[in-house]
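Trainee: Could you walk me through reading the helices in a model like this? I would like the general idea before each case.

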Amino acid sequence: MQGPSADALQGAADRGSDTAARSGWDRDRIRTTLYWATTIVIVLELASGSVWNLLPIEWIVAQLRHLGYPHFLAYILGAWQAAAAVVIIVPRFAMLKEWAYAGSFFLWSGAVVSHLVVGDSPDLWGVPLMFGVCAIASWALRPADRRLPHTQLRRHRPTDAGFVGARSSESRPHAVETSLRAWAVSLGLLVALYVFSFLTLPVIEPVMYERAVELGWINP
């Protein structure tokens, strides 16, 4: 009885490798898509929040008063939200990203707790809870070049320093080009999100004012 030929075995091995490569590529693509989706959500909220707090709009003033916080907290939150939006979306600054993600999570989790303490309904604390979950997802899904070295996924960690060093001079022009493109895309997205926040403010502000009146936070 004759077994499978060497060519057949090699063909099966090649097909298995191709399938594994496609599967890995699909996982990476899904991971990247989810990362950018959750990141854009939280950066938009941080950008809009910084605009709302730094002005500040009446909804913010009434909400802080309702929760028992001083009015000047709006300016503090607005400044840190703007800084966090920049740090999270641009490349590099891995250590600052850790702080920005942590601060954003504390901001939204603190909002959830504050609304729960004063007995607000889920429609008020559910929104910051959603943003907090998105912040955790964005942090967990961030790519290797946005992580600290010891937090990188195993497959992205360098295993041969000598080999990497030998190739560094060859790949430097490509790396610089990629870095410039990443900065341009990130800053373009940030500007677009801030433009969107300012353009929608005249529509959103009266809606939020009416909401504050309905909740009894403002006496018209």
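Mentor: Gladly. Keep in mind that the model is predicted. Let us begin with a backbone detail: Gly-68, just after H2, takes a positive phi of about 90°.

Trainee: And which residues of helix H2 are buried?

Mentor: The general idea first: an α-helix has 3.6 residues a turn, so residues three or four places apart point the same way. In H2, which spans residues 58-67, the buried residues are Trp-59, Ile-60, Ala-62, Gln-63, Leu-64 and Leu-67. Across the protein, 31% of the 220 residues are buried.

Trainee: What is the overall secondary structure of the protein?

Mentor: There are six helices and zero strands, and the pattern along the sequence reads α-α-α-α-α-α.

Trainee: How do I describe two helices that pack together?

Mentor: Two packed helices are described by the angle between their axes and the distance between the axes. Take H3 (residues 73-89) and H4 (residues 94-117): their axes come within 9 Å and cross at roughly 135°. That angle is why H3 counts as oblique to H4. The crossing of H3 and H4 is left-handed.

Trainee: Which residues make the contact?

Mentor: H3 contributes Leu-77, Gln-81, Ala-84, Val-87, Ile-88 and Ile-89, while H4 brings Leu-96, Lys-97, Ala-100, Tyr-101, Ser-104 and Leu-107. Sorted by class, the contact of H3 with H4 has nine nonpolar, two polar and one charged residues.

Trainee: What about contacts across the whole protein?

Mentor: Of the contacts with a separation of 6 or more, 74% are between residues 24 or more positions apart. As for the surface, about 13,700 Å² is accessible, with 68% of that belonging to carbon and sulfur atoms.

Technical notes. Residues numbered from 1 in each chain as written. Predicted model: local features only at pLDDT ≥ 70, side-chain atom pairs only at ≥ 80, totals over all residues. Heavy atoms only, no water. Axes fitted to C-alpha atoms, helices over the stretch in contact; angles between N-to-C directions. Helix = DSSP H or I, 4+ residues; strand = E, 2+ residues; numbered from the N terminus. Parallel < 35°, antiparallel > 145°, perpendicular 65-115°, else oblique. Left-handed = near helix turned anticlockwise from the far one by under 90°. Contact = heavy atoms within 4.5 Å. Nonpolar A, V, L, I, M, F, W, Y, C, P; charged D, E, K, R; others polar. Buried < 20%, exposed > 50% of the residue type's maximum accessible area, 1.4 Å probe, protein only. Areas by Shrake-Rupley, 256 points an atom, 1.4 Å probe, with all protein chains shown as cover.
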